[in-house]
Amino acid sequence: LFYISAISKIEARLCKGDAKSSKDDNNNAIVKSMMECLGEASAAFEASLRVYCAMLEQLTVVGGDSEAALCHAMFIQLGNVRDASPGFSQEVHCPEAFEATLSLHWACQLLVEAALPVCRVLDDTVYLRQSLAAARRSGVPSAMFASLQEKVNEKEKALIDALVEQETDSVLDLCGLGSIFKSWESFESTRIEGMSISSHPGLALDEVEMAIKEFYESLYAPPIPSFETTIKDPGLRKMARSKIADKVCQSYSDLYMAMQQEGHGYEDLSFLAHSPSQVETLMSV
């Protein structure tokens with residue numbers, strides 16, 4: 001690009017005022033040959049990047065980095081190469097035929113869309129957000145940026161929901177509510193008219209009292225995972241922990257409200273010492 005631009009400028013100066021000689025750069029054999037080389041190089045670059053995206057999973061096995069990390073590293077490398085190359089300076093015009101393929105916007109879209117389906121952890125979406133931020137600084141079109149950002153947001157939400165669902169079950173077991181909550185869900189799915197909660201297996205008074213007591217004791221140090229080693233981004237880490245706490249509180253609220261209804265079968269409900277709102281306050285993370 002740099003040499004094509006340089007030769008074209010020199011030719012324009014030499015042929016200034018000579019209409020016959022300055023009709024078109026394509027009349028210059030050197031420029032024509034270099035344009036052909038540029039076309040071949042552009043096609044090779046496109047093919048190489050597509051192959052790289054197609055082999056992400058294999059490259060992950062070889063190097064150990066996630067697919068999203070590999071895509072981010074490639075995008076940053078492409079940006080560094082462009083910054084160091086005089087061919088991509090603002091003064092150099094890129095022929096329209098190759099402009100799209102040689103743009104960072106095209107590379108960003110290709111890399112992000114290749115990595116999205118294989119994002120497995122929240123840190124992967126952080127890498128993609130970093131790539132998008134770099135692309136935005138390079139002047140990625142607003143519509144493309146918004147579209148890619150929305151796709152990353154959707155993937156991030158799905159990963160958070162899956163993580164919260166998995167970890168909530170573990171936290172419920174650790175804090176004592178797991179067994180009676182599962183028994184209550186079983187009761188709700190099989191209940192018949194006139195059947196009391198206390199008569200269902202796993203929901204006898206002594207079992208419920210013991211579970212609720214253990215749960216209350218855990219409120220002062222909720223066994224919610226810190227995710228220090230699994231989620232590097234502090235914002236996502238806090239979001240995941242808060243969602244797990246909310247799900248645990250909702251589980252307690254469901255049990256509490258069910259046991260407040262008529263026909264629960266328990267002689268005394270004094271073991272329900274805290275209302276759902278009080279539990280939410282105590283479990284705040």
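What follows is a friendly exchange between a biologist and a modeller about the predicted model shown above.

Biologist: Before we start, what are the ground rules for this model?

Modeller: This is a predicted model, in which local features need pLDDT of at least 70 and side-chain atom pairs count only at pLDDT 80 or more, while totals for chains, interfaces and linings use all residues. Residues are numbered from 1 along each chain as its sequence is written, and side-chain values use heavy atoms, with hydrogens and water left out.

Biologist: Thanks! How many helices and strands does the protein have?

Modeller: Helices (H or I, at least four residues) and strands (E, at least two) are taken as DSSP runs, numbered from the N terminus. Along the sequence the pattern reads α-α-α-α-α-α-α-α-α-α-α-α. The count is therefore 12 helices and 0 strands.

Biologist: What share of the residues is buried?

Modeller: A residue is called buried under 20% relative accessible area, exposed over 50% and partly exposed in between (1.4 Å probe, protein chains only). The areas themselves come from the Shrake-Rupley method with a 1.4 Å probe, and for residues only the protein chains shown count as cover. Of the 285 residues in the protein, the buried share is 39%.

Biologist: Let's turn to α6. What span should this helix have, and what is the distance between its end C-alpha atoms?

Modeller: The expected span of a helix is 1.5 Å times one less than its number of residues. Helix α6 covers residues 104–115, so its 12 residues should span 16 Å. The end C-alpha atoms agree with that, being apart by 16 Å.

Biologist: Which residues of α6 are buried?

Modeller: Glu113 of α6 is not on that list, because at 32% relative accessibility E113 counts as partly exposed. The buried residues of α6 are L104, W106, A107, C108, L110, L111, V112 and A115.

Biologist: And how far does α4 reach from its first C-alpha to its last?

Modeller: Helix α4 takes in residues 67–84, which is 18 residues. Among its buried residues are E67, H72 and F75. At 1.5 Å a residue the expected reach is 26 Å, and the helix comes close to it with 26 Å.

Biologist: How many salt bridges are in the whole structure?

Modeller: A salt bridge here is a side-chain nitrogen of Lys or Arg within 4 Å of a carboxyl oxygen of Asp or Glu. A search of the whole structure with this rule finds 9.

Biologist: Which residue pairs with R120, and is that partner buried or exposed?

Modeller: R120 forms a salt bridge with E67, with the closest N and O atoms 3.0 Å apart. The pair links distant parts of the chain, 53 residues apart, with R120 in the loop between α6 and α7 (122–137) and E67 in helix α4. R120 is exposed at a relative accessible area of 51%. At 2%, its partner E67 is buried.

Biologist: Which residues make up the network of salt bridges around that pair?

Modeller: The R120 and E67 bridge is part of the network. The linked residues are E57, E67 and R120.

Biologist: How far apart are the closest N and O atoms of K151 and E113?

Modeller: K151 sits in helix α8 (residues 142–175) and E113 in helix α6, so this pair, 38 residues apart, links distant parts of the chain. K151 is partly exposed, at 33% relative accessible area. The closest N and O atoms of this salt bridge are apart by 2.8 Å.

Biologist: What is the N to O distance for K157 and D161?

Modeller: Both residues lie in helix α8, 4 residues apart, about one turn of the helix. K157 is exposed at 54%, whereas D161 is partly exposed at 33%. Their side chains meet in a salt bridge with an N to O distance of 3.0 Å.

Biologist: What about F227: where is it, and what is its phi?

Modeller: Most residues other than glycine have a negative phi. F227 lies in the loop between α10 and α11, and is buried with a relative accessible area of 7%. Its phi is positive, near 60 degrees.

Biologist: Last one: how far is L38 from F98 in space?

Modeller: L38 lies in helix α2 (residues 29–54) and is buried, at 12% relative accessible area. L38 and F98 are 60 residues apart in sequence, yet their C-alpha to C-alpha distance is 8.2 Å.
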